[in-house]
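Hi,

Here is the structure I said I would pass on. Have a look at it first, and then read on for what turned up in it.

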Amino acid sequence: MFALAASAYRAIMRDPESPQKPRFLRASFRTLAALALMGALAACNSVVLRPAGDVARQQSDLVVVSTVLMLIIIVPVMALTVFFAWRYRASNSAAEYQPDWDHSTQLELVIWAAPLLIIICLGALTWVGTHLLDPYRAIGRLDEHTPVAPDARPLEIDVVALDWKWLFIYPEQGVATVNELVVPTGRPLQFRITSSSVMNSFYVPAMAGQIYAMPGMETRLHAVMNRPVTSVGFSANYSGAGFSNMRFPVRALGSDGFDRWIGEVRATGVKPQPAGRPADDVVPGDPPVPMLGGTLDRAAYLTLEKPSEKVPSIRFAAVDPQLYDAVVNMCVEPGKMCTSEMMAIDMRGGLGKAGIRNVSMLAYDKHGRQATLAAKANPGEAVRRELAWVRALCARAPGKTPDGTVRPPLDPRALGGAGLPAPGTAQSRAPASASFPLLSRN
């Protein structure tokens, strides 16, 4: 198909000094080139317009409806451009020419009223869709005809963007994977997303829209996969040399298939062969996969977060339950104070003179901690007492990340906005963490 298009293009763009071909032959070449290009486009993967997840499908509806509304203006303008060029061509002596004509009230009304109405429609559609499809809002339906059961519990997946790979932690199942995301179908999904060093973007087109991952912060994404599918996810925000290889396979399995996969991860806990590649097919030049063992603890995480490229899938049979909160609060390394602890101290008005002991724990340079750790390796009795007091003030909820989830709409109808409270009101948000009332999402 591409060869046909290329040959037709070369025929059209011939040497101007070559013999002229008949007009119908030139038109045939152009038609063949257009058909060839349309055939090539038909082979493109339209996962954005035909996704496997209901949230992504609603977003694709927004794209289609917005495009159709804009075409109401674009198509007539393009058609009229061709019509006027043809009607008022130089060889058409029958066309009426009025050099003194300059205004028509009726025409002005049509020219301005139609775009204004379309802009109003687009604004209303965007306003409702923006709030109904808020990534922080829990989904209210599994598909167009199935609302989420009141007692349904979403599957929570913690996502960490590393350099240059993705870490997925399943807190409920107690396992973790690198560059491999497997989810069940027909169950609400809740992603908590953060980054280890620089801003990144988590995007699975078949499931939902992209959302940013930022160090020291947490973003949320709620979604669902409605049918078994094998897709791909990737980073949609440039983050350095290995950015182009931050791609991972995404599999949506039935409930039984997902449970079997979890059992396999718990039973093995070793690196599997990269998805889609036979065991005997080793690509030359691929970097070796670090052997981190079967448990993802803090020491293994510090090894894993070191920059590396083209990392195949890795599985961990067990994971430290406090690891993700430590990543968000930037306190995975030993001796580092969590940002949540620092904010808890600030909420109490600080520590006065004793707060000077916090200075060493607030050094967040990943590669400049050695001197600080060495300086406090053998603290005196007074220093130990003050450090213990500082830690005691934060012991109520150390390293906990506040929950910023927004309640789902009361009415599951798509893009209707029925039952949605006004944005920004207290009724629109789920209860925030009692330990950190000032940290709820505003």
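Let me start with a charged pair: D325 and R192 join their side chains in a salt bridge, with N and O 4.0 Å apart. D325 sits in helix α7 (residues 323-328) and R192 in strand β7, so this bridge ties together parts of the chain that are 133 residues apart in sequence. Both D325 and R192 are buried. Before you go further, please keep in mind that this is a predicted model.

R192 has another partner too. Its side chain also meets that of E218 in a salt bridge, at 3.8 Å from N to O. Here the link runs from strand β7 (residues 189-195), where R192 is, to the loop between β9 (208-213) and β10 (219-223), where E218 is, and the two are 26 residues apart. E218 is buried, just like R192. If you want to see the wider picture, colour E156, D158, R192, E218, R220 and D325: they are linked in a network of salt bridges.

Over the whole structure, the search came up with 12 salt bridges. One of them is R315 with E180, where the closest N and O atoms are 2.9 Å apart. That pair also links distant parts of the chain, with R315 in strand β14 (residues 314-316) and E180 in the loop between β5 (175-178) and β6 (181-184), 135 residues apart. Again, R315 and E180 are both buried.

Now for the aromatics. The count is 13 aromatic pairs. F191 and F202 make a tilted one, with 5.6 Å between the ring centres and 45 degrees between the planes. F191 is in strand β7 and F202 in strand β8, so the pair ties together parts 11 residues apart in sequence. Both of these residues, F191 and F202, are buried. They also belong to one aromatic cluster, made up of W166, F168, F191, F202 and F248.

While you are in that area, take a look at S201. It is in strand β8 (residues 200-204). Is S201 buried or exposed? Its relative accessibility is 0%, so S201 counts as buried. The S201 side chain makes a polar contact with the side chain of Q210, at 2.4 Å. Beyond its neighbours within four places in sequence, S201 is in contact with W166, Q210, I211, Y212, A213, F234, S235, A236 and N237. As for A213, its C-alpha is 5.5 Å from that of S201, with their positions 12 residues apart in sequence.

On to the record. UniProt, in an unreviewed entry, places the feature "transmembrane region" at residues 62-86 and 107-128. What does the model show over residues 62-86? The chain there is 100% helix and 0% strand, and its end C-alpha atoms are 36 Å apart. Residues 107-128 are also 100% helix and 0% strand, with 32 Å between the end C-alpha atoms.

Two last things to zoom in on, both with an arginine over a ring. The charged end of R89 sits over the ring of W86, 4.1 Å from its centre. R87 lies over the face of Y88, at 5.7 Å from the ring centre.

Shout if you have any questions.

Cheers

Notes
Residues numbered from 1 in each chain as written. Predicted model: local features only at pLDDT ≥ 70, side-chain atom pairs only at ≥ 80, totals over all residues. Heavy atoms only, no water. Helix = DSSP H or I, 4+ residues; strand = E, 2+ residues; numbered from the N terminus. Buried < 20%, exposed > 50% of the residue type's maximum accessible area, 1.4 Å probe, protein only. UniProt positions renumbered as here; feature names shortened; annotations may be inferred. Contact = heavy atoms within 4.5 Å. Polar contact = N/O pair within 3.5 Å; in protein donor to acceptor, adjacent residues only side chain to side chain. Phe/Tyr/Trp six-rings, centres within 6.5 Å; stacked < 30°, edge-to-face > 60°. Lys NZ or Arg CZ within 6 Å of the ring centre and 35° of its normal.
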